[in-house]
Structure formats: C-alpha cells, structure tokens
There are 2 protein chains.
Amino acid sequence: MTTRMEAASRWVLTDEVKFVAESEGISPEKVVRRLGRGEVVIVRNVIREVKPLGIGKGLRAKINANIGSSPDICDVELELRKADVAVKYGADTLMDLSTGGDLDDIRRRILKSVNVPVGTVPIYQAGIEAARKKGAIVDMDEDDMFNVIEKHAKDGVDFVTVHVGVTRENVKKLIESKRIIPMVSRGGTFHVAWILHHDQENPLYRNYDYLLEIAKEYDMTLSLGDGLRPGCIHDATDVPQISELVTIGHLVERARERGVQVIVEGPGHVPIHEIAANIKLQKAMCKGAPFYVLGPLVTDIAPGYDHIVGAIGGAIAALEGADFLCYVTPAEHLGLPSEEDVKLGVIAAKIAAHVADIARLGDKAAKRDHEMARARMNLDWEKQFSLALDPEKAQAYRERHPTREVACTMCGKYCAMKLISEALGRKDFSRLTC
Amino acid sequence: MTTRMEAASRWVLTDEVKFVAESEGISPEKVVRRLGRGEVVIVRNVIREVKPLGIGKGLRAKINANIGSSPDICDVELELRKADVAVKYGADTLMDLSTGGDLDDIRRRILKSVNVPVGTVPIYQAGIEAARKKGAIVDMDEDDMFNVIEKHAKDGVDFVTVHVGVTRENVKKLIESKRIIPMVSRGGTFHVAWILHHDQENPLYRNYDYLLEIAKEYDMTLSLGDGLRPGCIHDATDVPQISELVTIGHLVERARERGVQVIVEGPGHVPIHEIAANIKLQKAMCKGAPFYVLGPLVTDIAPGYDHIVGAIGGAIAALEGADFLCYVTPAEHLGLPSEEDVKLGVIAAKIAAHVADIARLGDKAAKRDHEMARARMNLDWEKQFSLALDPEKAQAYRERHPTREVACTMCGKYCAMKLISEALGRKDFSRLTC
C-alpha cells in the first residue's frame, strides 16, 4: 500500500490533502510539501470514515481530549457522553484511555460514536489483559503487545501512542536520576516494569520495524510517547527526559523512511521559562515532526485548577511551535474527570490553542475576535453570545442579574463603550447623566 | 514630610524596608536601592495601619482584585464578603471601584475591613457626584476632581488611579485612530468626555504638581492609569495607547523628582505575541517603574472564561517583567462579579503570578511546588490538600468518587507513582496485578 506520506513525497494532491488545505485556508501545495517531509500529518486510519485532520507546521493548533474508563469508574455511557461534550466544545481528536471494563467494547463504541480522529494507548490493554489472564502486568509478552496494536489498527484507531523511547539505556538513566517523581506515565511505567522484570529490551523498540509495518498497513499515525516525561516542575528538562527525546528523534527518521506518519509527545510538567527551549529542542531532534504536548503544566500547586495551569503552558507551547495540545481537566491529579470537567478542560485548551493561533496565523485566526469586538462596541448581546466559545455560559452570566440597561451590570449607565459613542459622536453631553 | 522614596534615596533602612525585604527573602539594601530609584514601591498610605507591600523589580509578582458596587447592584455587605474572599485566596491588594450607592461609606467600610493595601479610582466619584448634583458627568470641575482625590487620601487609600495621560493631544490621536472600540476605561471616558465638552486640557495633567503634593502628603502611591488602553486585540499596541504611554513616561520622572511613588498601568487586550514588547516598552519609557497590567486578555472570544484568558496573558506579562497583575473574573464583559467569580478570578491570577515567580525567582518561589511533588509521590493526600491553592476544592474532587485505593480514581491500581515505586524498589513484580 502507498501511504499518504509516500504519495505526498511524489507531490500527489489527493482529496485528503485538498480537504485539509481548504479547512486550514492554505494552499494544497503547502500541505503536500509538509506532509511529504513529515512536518504535517493527516490523522486518519484508512479504514475509518472520518474527516481527515491535519496537524503540524502552519496549521491551526489542534487539541485533544482524553476520555475513558478507570478501574474504579467504568461506565461506557458516561464515556460516550464525555466524547460528545468534548467534540461539541471543540476537541479536534479524542483519546480513549480506558483501563476498566471491556476495553474492546468501549473503544469500538467510541470509534463509532464520534466523527473526529480517535487515538489509544494499546499498551494499557496489553498490560491489563496480561494481569487479568496471566496474573501480572509484566506477564504480557511481545505478541500480546503487538497483537493489541494490530487489533486497534484493525478497529480503525487513527493514532496510537507507543512508548518506543523507553529503552533499557534510558531506564538506566531514569534510575540514576534524582527525580522527586520517577514516572507519571502509566504506559511508560508498564514498560519500565517489564524491562526491569525481564531484563530485556523494550519489544516495541527492538522490533520497531514490525510496528512500522502495522502502522503502514492502516496509514495509522504513530504518536511516539514520552514515557519518561517529568511529573513535576522540579524534574523538568532532565537527563531521562532528554535522552528519551534523542532516542525518539532517531525513530522519527526511521518511520519517515518507511512512509509512516509520526507525531512526538512531550511534557508534561515544565516551568514556564523552559517551555520555549523544550519546543525548539524537540523540533531540532525530531526534524520538525509535529509536537503533541500534555499541558504543559507550569506549576504543581493548583489541583482543581489544572485546566488553567495547562492553558497557560499550552498557549506558550503552541506560540513557540507545538502543534497539538492535550487538554488537562480540573480533575487532573485528583480523580477521573466528569462531563463538566471534560467541558472545562476542552474550553481551556481551545482558548490556549486559539490565542497561539492568533500569533501564528494572524488575522485569519483573529477574525472571530474582531467580530466579537464589533459586537461589543454595538452592545449587541445576541451576536456576542453567538461568537462566544460557550454561548450558554456567557448568556447565563448576562442574565444572572436582569437589568434594563443595554450595558451590563458591571458598569451599567457608566459603560465606557456607551459613553464614548456619545462623546465621540459629539452628541449632547448632558446625556452623560446618572 | 519626607517620603519613603526620599528616605530611600538617602539609604535609610526603615522598618518598612526591612519588613518588605524579609517578606520577600531579599536584602534590605536591595529594597532600599530599588525604592530610591522608583523600581520598587511600597504601597501604604502613611495614615493607614496595614502591612507594607512591596511591588516591583526582584519581588514576587503581586495580584489585585477589583471589587465595588455598580449602578445596578449596590450591596455593601456583598462587597465586604467579596473583599474577604479575595484576601482569603491571596489577593495582595484590593481596588474599590464602586459606582453605585454611598461611595464614601462603601470605601471607608472596605478600608476598615481588610488588612491589605486598597486602591481607588477617584474620578469615578467626581464624575458620578457631579452628575448627581449638577446634572452631568462633564459638569465636574477641577476642584471636584482634586477634592475627591484628597478625600480618598485622607481616608487612608493606599494607591489611586489617575488618568494623567489622557491629554488633549492624546485624545486627538484617539479620534484619528481606526479602533473598533475607541475606549473601555470608564475613568478614561469621563476625562475624554470632559476634555471634548470643555475644550480644555485634563486638569490632572495640567495641575500634575498639585496632584503630586496631595500624594506626597500621605505617601500615597499614584497608579498612572491607561485611559486609552485598547479594548480588544484588534486595537492593541496602537498609536493612542503608545502615545499615552510616552506621556506617562514623562510624568513618572516628574513624580520621582518630587519623591512620589508611581506605578504605571497597562493593557488590557493584547495578543500573546505582543505582550513581551509591551512590557519592554513600558519599562523603557517609564524608566523601570513597576508595571501594573489588567489581564492582559489574549483573546476576545471567551466571555465566561476571561479569568483563564487573563491568566495566560498575566503569566506571560509577569514572566516578561510585569510586577502587578490585576485579576479578571469570569464575569468580565458580562456583569458584576459574584463572590464565586471573585474567588475564581483571584485563584487564576494567583496561578499566573506564581508560575511567573518560578521563572523570576527560581527555587525560592518553587519550594511549595517541590513539596507538592513529594506529597504526590508519597500519595499523601492530606499534605497535597494543605499545599493546594484551594484545599477545599482539591479535597472535594478527591472525595467525589470514594475509592478504597490509595491512588485516585483516574488511574486507580494502575497509578504510575504506585507502580514505579514498586518497580524501582525491586519489589515483587507479581504485585503489579489488577
């Protein structure tokens, strides 16, 4: 099979390429050029009926929402409702990170219910099923790992996280490190436990070519996961993290040689002043591969508000060149998110992506902001609501305190926009009364 | 009377200086040097009994919460409760922006009820009382303006916003500009209407020396207001804004010559990629004066979530050198904030200030983050709550889904921190079951 990356390197302007170009407002030539180089990916499993989504250089920053069951809370209907809420408020992709219940069933139902690309972390299922059937996570064997990945590909999963950078060499560096929190990646931890238990190399790394074969067959995008990402700002930008990134950089090149699309996952927890360096380093090590960051979270002291912390980090990351932001909900570090948490997480991530797009893409991205400004100046509330990321919430705020004023209850008759209209219109100043 | 700035320029290490130095963890010599140069201010009216608060170079970024009545909603008790909530969650200062009811009474009761510096915008009261007594805002005369400022000073107000940069010359530039929203500053609008109506210069600018005399008598800090600040990202960093900043820069120097402390107010609405330039420009024009920014808001399309938008802008502003962040609540652009909105606004601003402090001040600021990381690694939930910005909210999230697991309901038995402790501890891997 010819992958879209291979087609792009021969400059074939497929319908997918044209669709992405049109939805981004750029030329198909730009898309195909970047796709061929691996700076842009189009995330779609060939067997899945879903709108192709472009991620990467020169495109709008995209956002992902994680959903999925946990061992303690396993309710498929709840997860499907979360999926709907996430898509409603603007998630460009979803990841099903389920770890409780019938994993095949949940994944297939999510794939069926949404029209956006869906990603998974197959190693969860491999580890969990090994534990269920054989007694322990580390009892999964190499076949278990690859079989699950293939099963996800066959189900139509559009992108999968694979922790190929968790190598024996990098685990050594982790053990030598002085981290406060050695690891926070679940999938990464499964691999580290497996490597230490068996004293063997990570099968996904050792047999990376086989992984590429599976991905190639379905044109499924590989998201090279950062299993060794830092779990608090103290541990950010350290040896295990950067060593893993260097390993991943090599694997990016091997994937491209095979025509397999890759994106690269990044931290995580990063202090605000180290974000730019992290992005630039990833772009350099991974030859411009699209960068998918989790947050990043720029402080550890705001549990219950990590969607805000992630929005700060995500905005700066996207400004500096990150292409794909994984949302963080207010429930992060505390529990499985509710539907409301999913909504808040998506909106916060959307704000982060949008404010970076204004910087990255200029007026093309800021058009809606300018319309909002005009609606504000005209005190046209219906228009303001319609342009808001969350129209219902904006309207509810406005209506909380009914007022006869055309202005809001913050300034009432002293509304600056009302006053300045009158003053600059050289209207009768005696109307500026109270 | 000798002002603290004059004392500092003679290198006098007052108790105030020592108090600020100790609370910031820096040497009194550094504080006194920067105070003498005007790079740091200590905000306290000499007649008020309140802990002196340092704002400026090398100090923690501070945050302000705006409270106060509006024409539509005037409930003193509500405002006092908002004041308490703001201080509880970490507001370093409050501004009473009341525009409804008995303005003297509200201000005095707020001053009495809180132990943090309080600021006001006296022109509101001058304009509103002129409208009440004489018929129109523009009927206030020069004496009305100065008398209100003096009354606030006598009441013990610690800092006042004065729109001294709204000059005839700058209003001309505003009128020539192609802004979508000419103005959003209420106080600024009062001045513009007055200037156009009377065809005279702004009295606060014309008689700036008299303003300095009043400020000097009480060692009250002047916050030079940006009446011509942009009101949407489209209008950011334009001629009226920058012309006003240049005017303000001159006035900073005149204040320093008289030993009067000044801070400078800044936008407002600024796209993310223009924030750094705005901060650097202010620092250059105003010779390192502390910079007090409102937000800044980096998009216009998120009404109901402007506390998040402001946290993104504020974090970047403080990272780039802004010293003092005015919070924005989720009610911004929609209505007068409730107590809950005040809480959300303060926490968002606190996050912004803190994440910038980690960059500005290093481990001194990040100590609490590192403690939180240790508490997370130990799965010590009580310790995590005690270190959280909002302990009650964090605890409520954790307890939403009761679990028997020591980990949270996100990962349950697959908690990476639990698994990696076992794996790296070389414990029995068969315990990694499910």
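**View 1. Polar contacts join chain A and chain B in this predicted model.** Between chain A and chain B there are 23 residue pairs in polar contact, both residues at pLDDT 80 or more. A polar contact is a pair of N or O atoms within 3.5 Å; within protein, one must be able to donate a hydrogen and the other to accept it, and residues adjacent in sequence count only if both atoms are side-chain atoms. Eight helices of chain A are listed as each giving at least two residues to the side that touches chain B, among them H6 (122–134), H9 (186–198) and H14 (306–320). H15(A) supplies the largest share of that side, 11 residues. Helices here are DSSP runs (H or I, at least four residues), strands likewise (E, at least two), numbered from the N terminus.

**View 2. A salt bridge links Arg400(A) and Asp341(B).** The closest N and O atoms lie 2.7 Å apart. The rule finds 2 salt bridges across this interface. The rule asks for a side-chain nitrogen of Lys or Arg within 4 Å of a carboxyl oxygen of Asp or Glu.

**View 3. The interface buries about 9400 Å².** Carbon and sulfur atoms give 74% of that area. In chain A, Ile301(A), Tyr305(A) and Tyr414(A) lose the most area to chain B, together 9% of what that side buries. Buried area is the accessible area (1.4 Å probe) that two parts lose on being put together, summed over both. The contact (heavy atoms within 4.5 Å) takes 113 residues from chain A and 113 residues from chain B.

**View 4. Helix H11 of chain B spans residues 208–218.** Its buried residues include Tyr208(B), Leu211(B), Leu212(B) and Tyr218(B). Lys216(B) is buried too. Buried means under 20% relative accessible area, exposed over 50%, partly exposed in between (1.4 Å probe, protein chains only). Asp219(B) follows H11(B), with a positive phi near 50°.

**View 5. Chain A holds 19 helices and 10 strands.** Its radius of gyration is 23 Å, close to the 22 Å that the globule rule gives for 434 residues, so chain A is as compact as a globular protein of that length. The radius is taken over C-alpha atoms; the rule is 2.2 Å times the number of residues to the power 0.38. Buried residues make up 66% of the 434 residues.

**Notes.** Residues are numbered from 1 along each chain as its sequence is written, and chains are lettered from A in the order in which they are written. Local features need pLDDT of at least 70, side-chain atom pairs count only at pLDDT 80 or more, totals for chains, interfaces and linings use all residues, and side-chain values use heavy atoms, without hydrogens and water.
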